[in-house]
Structures are given as C-alpha cells and as structure tokens.
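Subject: Structure for your review

Dear colleague,

Please find below the structure that I am handing over to you. My findings follow it.

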Amino acid sequence: MGAPSAATPAAELDLPDLSWIDDPRLGTEERRARMGAVAADTWIARNPFGYSILHYDDVVAVLRDKRWHNAVGRLMELNGIDNPEWLARRRTSILSAEGDDHTRLRRLVGPAFSPRHADALRPFMRRLVDELIDGFAARGTCDLAVDFCEPYPIPVICELFGAPSEDWKLFSNWATEIFKIFDGNLQRDMPTIIAAQDELDAYVGDLIEQRRATPSDDLISALIAAEEEGDRLSHSELISMCNAVLMAGTDTTRNQIGCSVALFAGHPDQWALLGEQPELAARAVEETMRYLGAVRGTGRFASEDIVYRDVLFPKGTFISPSLAQANRDPAVFDDPATFDIPREPPDKPQLTFGSGIHYCLGAALARAEQQEALAILARRMPDLELAGEVVWKPATVGIFGPRHLPLRFTPGH
Ligand code: HEM
C-alpha cells in the first residue's frame with residue numbers, strides 16, 4: 001500500500017538514540033530514569049533494532065493495529081540464529097499467527113482460558129504456595145527467586161493440563177532446556193534443545209490421546225472439545241498450543257512474582273497492608289505489574305508500509321512498544337512513580353499483559369496465581385526484608401526479574 005507523500009520516513013526523523021539500552025552495566029533505576037527523561041520529550045526513539053514506542057496511547061494503538069505483526073516468529077533471526085536444522089523445526093504458534101489464522105485460534109481456545117477456569121485452580125494454588133513456604137519458613141531466610149518463584153508455576157501448568165503432579169519436574173526440565181535457545185550458545189545447546197522439544201511433544205501427544213479416549217475437566221480435554229462452527233484444532237495445533245502455554249506461562253509468572261516481592265521488600269508499609277487486608281491482592285497485582293512488570297516490552301514488524309502519526313514505517317520496520325514506559329505515562333497514571341497498591345484503579349489498564357489481539361491468553365490464570373501467592377506470602381512473612389543484594393537478570397532480554405532474592409523474616413509463620 002502506498003503512503004501519502006506528507007509522511008516523513010522514520011529513518012529521516014531526528015530522534016533520540018537509545019543505543020545505551022543494551023548496556024548491561026546500567027542498573028534498573030538508571031535505565032528507568034533515562035527512559036523516563038527521553039519519554040518526557042518524545043513518543044518515539046531509535047533503538048539498536050528499530051524504534052521504541054514510549055507513550056501509553058501509542059503503544060496501545062500499534063498493538064491494536066493488525067498491520068503490525070508479532071515479531072516473536074522472527075525472534076531467532078533477530079537473535080542471529082540461522083541454524084537450518086532449528087529453523088526447519090519452527091512452527092506457527094498462537095503467538096506468531098496473524099490475521100484469520102490467529103482469529104480462528106483465539107476463538108477456539110479462548111473459552112478454555114476464562115477466569116472461571118482459572119478460579120477452579122485457586123485451591124490447588126493455595127496448597128502449593130503453602131507447601132513451598134513450608135520448605136523454608138522455619139529457617140527465617142530464603143532465596144525467594146530460587147525457593148519459591150522458580151518451582152511455583154510449573155505444577156500449576158501441569159494441573160491445568162491434567163498431567164500427574166509427580167511429572168512437574170519433567171516439564172520444568174523441558175522448559176529450562178528449551179529456553180536455552182536464548183542463551184546465545186546454540187552450537188553447544190542445540191542437541192539438548194531439540195531432545196527436550198521432542199520429549200515434550202511426545203509427552204503431550206500421549207496426554208492428548210489419553211484425553212481423547214477418556215475426557216476429563218482439564219485444559220487438554222477442553223481444547224480437544226473446542227469447536228466452533230464445525231472447526232476444531234488439529235493434533236499438531238493442540239501440541240503447539242500446549243507448548244505455547246508452557247513456554248509463555250512459566251518464566252513470565254515466576255519473574256513477575258519475583259519483581260513484585262522485591263518491590264514490596266522496599267515498601268514494608270504496603271506489604272503489611274496486604275498482609276492485613278488480603279482482599280487488596282487483586283489491586284496489588286495490577287499495581288506491581290504496572291510499577292515493575294516482568295515483560296518490559298514486546299516486538300512488532302511492519303507487514304506493509306504503515307503511516308502512523310505522519311511517520312512512514314516501511315514494510316519490515318521493527319518496533320518495540322515499551323510496556324514498562326507506557327505503564328509510567330503521567331497522561332494515564334497519576335503520580336506514576338509512586339507505588340501505591342490501594343490507589344484508585346485507573347481508567348485504563350496496566351499494559352504488562354500487552355494489548356490488542358495478542359493480549360495475554362493466560363492473564364486470568366496469571367492474575368489468580370499472583371493473587372494467591374502474594375496474599376499468602378504477605379500473611380506468612382509479614383516482616384520480610386532484604387537479606388542481601390538482589391541479583392537481577394539482564395533488563396535487556398524479554399522477561400525480567402530477580403535471579404536471586406535473598407530475604408529474611410521471623411521464622412515459623
Ligand atoms: C505474569 C505473568 C504473565 C505475563 C506478564 C504475561 C505477558 C504476556 C504478554 C505481554 C503477552 C503479549 C505478547 C505480545 O503481544 O507480543 C502475552 C501473550 C500470551 N501469554 Fe502471557 N503472560 C503471563 C502469563 C501467562 C500464562 C500463565 C499463560 C498460560 C496459561 C500465558 C499464555 C500466553 C499466550 C498463549 C500468549 C499469546 C497470545 C496470543 O498471541 O494471542 N501467559 N503474555
């Protein structure tokens with residue numbers, strides 16, 4: 001599609017340069033302050049891949065514009081991965097599908113991810129949270145990232161799938177191995193990654209066959225039964241969907257809870273409030289996700305020439321809508337640099353679950369997981385404080401959170 005001549009090609013704009021964004025020496029606060037200063041002056045800046053979109057309304061506008069396609073399908077390319085064996089195994093998932101293919105998938109699977117289905121797992125979540133805390137409560141110290149956040153989401157996904165709970169370690173290992181794709185040493189890791197992917201596919205394939213024979217009330221049975229106007233998911237779509245859920249629902253949730261508790265450790269009054277008023281858990285989740293989201297941004301590329309705000313983005317242009325910066329936009333959130341869990345819910349939602357057609361499919365589940373975890377942690381560890389330095393994962397990669405979160409608290413609750 002041709003662009004009106006009034007539009008200025010993005011490459012010709014005089015924009016601030018965010019080339020420092022990948023500098024691992026920058027601390028979280030300094031990166032945030034610098035981004036905030038840039039965003040005060042402009043809605044768009046240049047970054048090493050393309051352009052960062054910095055204001056709330058623009059982030060929402062581009063995420064809702066279907067001409068911008070999800071860059072997840074091009075992640076390997078963007079990370080310099082060109083191994084033909086791996087590229088040949090690439091398949092379309094709900095994250096990378098666009099247009100009618102994506103609409104069809106969302107219609108078929110959406111009902112299985114409703115808040116009602118997520119709520120049914122809350123008793124399981126509560127038991128799990130208590131068991132994990134029991135593992136360190138008597139010590140009065142823990143590394144919350146390792147002892148709690150790491151093991152928490154996988155048994156929930158197993159329960160969601162209807163897989164036997166004793167198999168959660170298998171899922172955990174597969175997820176860890178498959179995530180090695182982003183470790184930058186594919187030459188070394190490729191055989192492990194491929195083996196894990198094959199084992200996961202075979203396991204899920206067996207589960208699907210079992211549920212076809214004997215349906216239950218789990219996600220896999222719901223996905224098998226999902227039907228709209230005679231349309232159903234194929235066997236390989238079912239496998240791909242389960243893969244997407246495991247990969248999208250694990251690291252996100254564990255890192256978000258890590259971010260949230262680290263944040264609360266610096267705001268003991270807010271933590272005490274949550275411990276006393278567990279009914280604040282839902283607001284606490286929205287406010288922690290707004291203030292310190294584990295998914296700081298996402299990626300899109302122009303599927304055709306796109307003109308937005310009189311700027312021409314030629315086909316193929318890569319943009320990074322900054323969810324973290326949008327969540328601090330003073331045009332939407334009063335006093336955005338203040339962390340305040342009872343704050344009046346804003347008119348517009350926090351954006352750490354994204355927006356538009358790729359809006360997080362697991363948002364209801366992720367909300368329930370966080371609400372249960374934060375409410376119980378606040379009740380059982382009301383006086384937690386940092387027992388050492390938080391070691392953060394690099395802020396530059398897609399999912400951000402503490403690698404180590406050493407805490408101390410009065411033992412025994
Ligand atoms: C706190 C935890 C989570 C966060 C912060 C999060 C964040 C996100 C974001 C930002 C997106 C959109 C990505 C984009 O537009 O490029 C997304 C999509 C997705 N999420 Fe989550 N997520 C979380 C938990 C989960 C869980 C628990 C599940 C599974 C049960 C899940 C499954 C998915 C799926 C399947 C998609 C793709 C949806 C689509 O492309 O249509 N997520 N998530």
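**Surroundings of the ligand**

In this predicted model, 27 residues surround the ligand, and those that come nearest are His102, Thr298, Arg300, His358 and Cys360. By residue class, the shell comprises twelve nonpolar, twelve polar and three charged residues.

Three helices each supply at least two residues of this shell: α5 (99-109), α13 (235-265) and α17 (363-380). The largest share comes from α13, which provides six residues.

Several polar contacts to the ligand may be of use to you. Through a polar side-chain atom, Arg300 lies 2.7 Å from an oxygen atom of the ligand. Ile94 and Ala248 approach with backbone atoms instead: a backbone N or O atom of Ile94 is 3.2 Å from a ligand oxygen atom, and a backbone N or O atom of Ala248 is 3.4 Å from a ligand nitrogen atom.

**The five-stranded sheet**

Arg300 also has a place in a sheet, as the bridge partner of Asn70 in β6. The strand β6 (residues 300-302) runs antiparallel to β4, and three bridges join the two.

The sheet as a whole is open and consists of five strands in the order β2-β3-β9-β6-β4, with mixed pairing. Its edges are formed by β2 (44-46) and β4 (68-70); each has a single partner strand, so one side of each is left without a neighbour in the sheet. From one strand to the next, the twist averages 35°.

Helix α2 (residues 56-64) lies across four of these strands, namely β3 (51-53), β4, β6 and β9 (318-321). Relative to β9, helix α2 runs at about 130°.

**Aromatic pairs**

The structure contains 16 aromatic pairs. One of them is formed by Trp43 and Tyr308: the ring centres are 5.5 Å apart and the planes stand at 80°, which is over the 60 degrees required, so the pair counts as edge-to-face. Trp43 belongs to the loop between α1 (28-41) and β2, whereas Tyr308 belongs to strand β7 (residues 306-308). The pair therefore ties together parts that are 265 residues apart in sequence.

To draw the first two topics together, Arg300 is among the residues that come nearest to the ligand, and Arg300 is also the bridge partner of Asn70.

With kind regards

Technical notes. Residues are numbered from 1 along each chain as its sequence is written. This is a predicted model: local features need pLDDT of at least 70, side-chain atom pairs count only at pLDDT 80 or more; totals for chains, interfaces and linings use all residues. Side-chain values use heavy atoms; hydrogens and water are left out. Two strands pair if DSSP finds at least two bridges between them. Helices (H or I, at least four residues) and strands (E, at least two) are DSSP runs, numbered from the N terminus. Axes are lines fitted to C-alpha atoms, for helices over the stretch in contact, and angles run from 0 to 180 degrees between N-to-C directions. Contact means heavy atoms within 4.5 Å. A residue is near a molecule or strand if one of its heavy atoms lies within 4 Å of it. A polar contact is a pair of N or O atoms within 3.5 Å; within protein, one must be able to donate a hydrogen and the other to accept it, and residues adjacent in sequence count only if both atoms are side-chain atoms. Ala, Val, Leu, Ile, Met, Phe, Trp, Tyr, Cys and Pro count as nonpolar, Asp, Glu, Lys and Arg as charged, and the others, Gly among them, as polar. Rings of Phe, Tyr and Trp (its six-membered ring) pair if their centres lie within 6.5 Å; planes under 30 degrees apart count as stacked, over 60 as edge-to-face and the rest as tilted.
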